[in-house]
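Reader: I have a structure to look through and would like a short tour of its backbone. Can you show it to me?

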Amino acid sequence: MFKKKTCAAFAATLLLIWIDSTAASGGRRSPTPTPPPSPPPAPVLVSPVNGASLVQPINLSWNAPPSIVGPIGSYTWQVSTSSTFPTVIASGFTNQEADPAIPIRTSDMVSGLANGTYFWRVKASEATVNGGVDSAWSTPRSFIVSGLGPAPATPTITTPANNAQFHVRESFNIQWSSVVNAQYYLLEADDEPTFSYPINLTLSPIYFGTQSGALWGNPLTIYYRVRAVSVDGVRSLPSATLTVQITNAAPIPASVSPVAPANGATVQLPFFFDWSDTPNPQVPGYDVEVNTSSNFAPASMVLLLSPSRSDYMITRDLLAPGNYFWRVRALHGDVAGLWSGGRAIMVTAPVTPPDVNLFAILAEPVNAYGGNTAHARVMLDNPAPAGGAVVSISTDIPQVNMPATTVTVPAGGTDATISNIATGPVPNSGVSVGIIGDLFAGFANGRGQNSFGILPILYGASLSNESVVGGTSVNATVTLQSAAPPGGTTVRLVSSNSNIVRPPPTVVIPAGATDVDFTIPTSAVSVATRVIFETGTDVDGYRAPQTWLTVTPPGSPPPPPSLSSLTLSQPTVLSGNTVTGTLRLTSPAPAGGAVVTLQGSMEGQVIVPQSVTIPGGSISATFTTTPAPETPFPRWVFIQGHYGTSGGSQARILEIDPAPGPATLLAIGPAGLDVIGGNSGRASVALVIPAPAGGGTISLTTDNPSIIHVPASVTIPVGNSATSFAIGTSTVTGLPTGGNVFASAGGVTKSIFVNVSPDPNAPPLLQSMTITPASVSGGTNATGTVFLSSPAPAGGISVTLSTSNATAATVPGIVSVPGGQTSANFTVTTFAVANNTSVTITAFFDTTTSANLTVTAGAPPSPTPPQTLPPPTLLSPAVDARFAPGTNIAFDWSDVTGATSYTIQIDDQDTFPSPLIVNQTAATSQFSTSTLPTLRMWWRARANGTGGPGQWSAARRFEVRN
């Protein structure tokens with residue numbers, strides 16, 4: 001809803017006048033418009049009676065008017081201090097529920113008004129085919145508020161100060177005092193101080209906790225106030241109004257100050273920049289500049305970072321050894337603070353043990369919930385040297401603190417555990433959805449990172465029934481996403497109608513537990529009523545998805561079955577073992593059965609079936625999880641089932657604990673490898689958990705063994721998680737080739753793509769070409785010969801040929817040089833010409849070479865040159881198709897009449913310069929390959945006939961990428 005703007009009404013009037021005058025001047029009668037539907041009569045107010053003196057809360061009720069065109073879809077009510085309603089100090093509405101069996105309410109509750117005289121009115125909105133039509137407002141009535149009744153006390157806004165100023169896109173927090181007996185709070189924000197409804201900026205319905213965040217994208221003045229709301233939905237009076245101005249002329253705080261390294265310090269990579277905090281840190285919060293000049297000239301800047309914390313780890317990939325100057329400044333939305341003074345530093349090279357590199361840093365698990373501590377581990381690709389390997393660790397998340405700045409991998413080991421990573425709850429910004437950042441590790445010349453999330457711990461609430469008869473209790477479960485931290489987790493519950501459904505104000509999930517079950521009583525009703533539950537946590541201000549319950553009067557038709565409960569045979573399981581789950585419905589499944597959908601995975605590893613069918617007439621069924629995946633640390637798997645209409649969702653948490661198991665592959669890296677043929681590269685493999693007694697064996701294979709050579713297997717010693725191995729390659733000529741290297745262990749297979757290129761310093765294989773004789777009469781054939789600098793490899797090579805003048809001389813599209821040979825001949829067919837004509841014949845392979853032929857005029861007569869074949873049409877892959885490395889890609893194009901073969905070319909440039917990635921003759925209009933490099937490429941095709949090559953098709957782009 002938005003306030004009516006005078007300018008918009010004026011523009012609409014101009015538009016109507018323009019349309020009318022145009023129709024009149026055109027001389028054409030416009031069709032008679034369809035008259036708008038007649039509005040329904042205004043509702044008739046029932047209570048309170050006119051002039052009644054009341055204590056809050058006050059129940060407003062009215063009679064439903066008769067509908068004219070369609071059913072009444074909603075009612076809107078307003079309260080004002082004047083019978084003319086120049087300002088509206090309270091407003092609300094009731095809507096038709098999605099379930100047509102639930103009648104629209106003709107009453108609502110108002111509270112939070114100061115003592116005094118007020119006027120109220122109601123209008124109805126009728127649903128029609130073309131939208132809706134509103135009734136007139138009812139005749140206003142007055143009432144007198146003579147007391148606040150059970151309203152909570154009024155909260156006080158404590159932060160920021162009144163008339164505070166912030167910059168555009170600078171976030172800030174609004175905090176207020178806690179109020180006894182407040183179940184939640186309403187925060188209102190408007191662009192004018194009367195808060196006349198509709199409120200333009202924010203009317204946040206529910207806030208758990210006593211804080212909210214704000215960020216505005218344009219200059220304006222905002223007015224804030226907050227109310228406390230009791231468990232019965234009774235509102236307090238509003239707080240005093242807080243005025244905040246958003247302007248880029250707001251004061252800028254004092255500049256932040258460098259802490260470390262000190263001026264003139266010598267630091268060895270990796271190292272940390274550290275500086276003082278700004279009073280209102282942002283995301284990102286700072287700029288850090290590194291420059292080779294003390295005056296920080298833009299041309300000599302070598303590094304600019306924008307972190308969200310007041311420290312940052314620098315590794316060799318970010319900064320080379322050398323002499324530098326550094327400085328820092330804070331960011332305040334669209335405005336940057338002042339730069340600190342510069343500091344000089346000397347950066348020296350890191351310690352680089354031979355053949356020992358950082359393989360990975362892994363968060364275990366990848367998310368932390370509700371302030372729980374977390375774990376991570378760092379892995380080297382080979383055992384640490386004597387004395388161990390010191391790995392630097394850090395994070396870019398302000399709410400995460402590593403236990404130290406380094407962790408040591410012991411001598412002979414590949415792993416080190418980072419224990420007790422402290423995490424704060426998600427900042428209570430009013431839209432608490434989580435923070436995703438990274439954990440970092442730095443060692444030698446390498447840097448690793450792993451995504452890490454700080455998320456709300458609450459999943460939400462589920463009910464055993466979608467609908468119950470009033471007076472019947474319903475079972476409820478509040479579920480977390482991981483075990484509650486020390487001290488437990490308190491969850492608030494709010495009912496939209498506590499007179500009918502009254503849950504406990506709070507439930508506490510003890511430390512280490514993941515859920516709590518409890519019973520909610522309901523009261524008898526005369527008409528079906530839907531009640532909405534809100535659940536949330538004060539610690540992070542998280543508001544979970546709503547849960548609904550329909551309460552019906554006695555004698556109502558029974559509701560259809562829905563999922564009533566999901567239970568597990570045990571709350572924890574060791575890796576490699578299974579758990580049995582039981583699904584139960586509220587009533588027997590219908591004929592054909594009830595299909596309950598299931599979800600449950602441990603970071604992508606699904607452990608439950610996609611669905612379970614409860615047979616018709618039955619009320620329950622069971623399922624068995626797959627063996628729990630290996631894990632080095634405890635993990636929590638969220639298992640959810642759903643069957644129903646408006647609810648029917650149930651959830652439980654299964655804890656998976658570490659247990660010894662077979663060696664199971666975690667990863668192979670790097671993702672891609674480029675090697676010059678004849679040289680070797682290195683790759684690394686890692687296990688999910690450290691290798692068991694006897695070590696862990698990983699099998700290795702390749703799909704291109706003639707070019708790529710790997711050992712049959714590698715063994716990781718007991719207690720270690722990773723190792724590296726050499727990948728040998730054969731010399732290649734002409735075009736790059738490659739293939740996949742596969743690693744397998746414990747039933748898991750993963751791969752990397754190895755791209756093998758010719759030696760760029762080796763002489764070209766295609767050396768020269770001759771045409772004999774160099775001059776022939778038109779219609780007389782000549783012989784061409786291509787020469788190689790060394791014997792062709794096994795399988796031979798295909799050299800592409802072209803002519804500069806196909807009307808005088810043609811050549812076959814391809815000449816093949818068999819394996820082991822150094823030359824091959826081809827026929828040059830010539831045709832009669834009116835004048836002596838010079839033709840250039842060109843050969844393409846890993847370089848380009850040409851020879852000239854002169855076709856002379858005169859006898860003998862020549863046959864008519866054959867017609868050039870038309871270009872084929874490319875069919876697949878589609879334009880801009882993408883493929884993973886190693887995918888067998890099928891290229892297909894249309895057949896061309898008269899073709900005896902086809903040529904396909906693939907290259908990383910759309911001009912197809914030599915050498916090409918692929919230049920291949922195909923007997924049919926199809927070609928496939930799985931050895932293309934990870935590049936963006938283009939492909940084209942042409943037909944070859946008895947008269948020579950045809951026209952090229954248009955080029956089409958595709959990409960091979962990870």
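Author: What follows covers some backbone angles and where they sit. This is a predicted model, in which local features need pLDDT of at least 70, side-chain atom pairs count only at pLDDT 80 or more, and totals for chains, interfaces and linings use all residues. Residues are numbered from 1 along each chain as its sequence is written, and side-chain values use heavy atoms, with hydrogens and water left out.

Reader: What is the peptide bond from Val283 to Pro284, cis or trans?

Author: That bond is cis, with omega near -10°. Pro284 lies in the loop between strand 20 (271–275) and strand 21 (286–291). Strands (E, at least two residues) are DSSP runs, numbered from the N terminus.

Reader: And which bond joins Glu364 and Pro365?

Author: A cis peptide bond, with omega about -5°. Pro365 is in the loop between strand 27 (358–364) and strand 28 (367–369).

Reader: Why point these out?

Author: Most peptide bonds are trans, and most residues other than glycine have a negative phi.

Reader: On to phi, then. What is it for Phe85?

Author: Near 55°, a positive value in a residue other than glycine. Phe85 lies in the loop between strand 4 (72–80) and strand 5 (90–95).

Reader: Is Phe85 buried or exposed?

Author: Phe85 counts as buried, because its relative accessibility is 7%. Buried means under 20% relative accessible area, exposed over 50%, and partly exposed in between (1.4 Å probe, protein chains only).

Reader: What about phi of Asn181?

Author: Phi there is near 70°, also positive. Asn181 is in the loop between strand 12 (172–176) and strand 13 (184–190), and is exposed, with a relative accessible area of 65%.

Technical notes:
Helix = DSSP H or I, 4+ residues; strand = E, 2+ residues; numbered from the N terminus.
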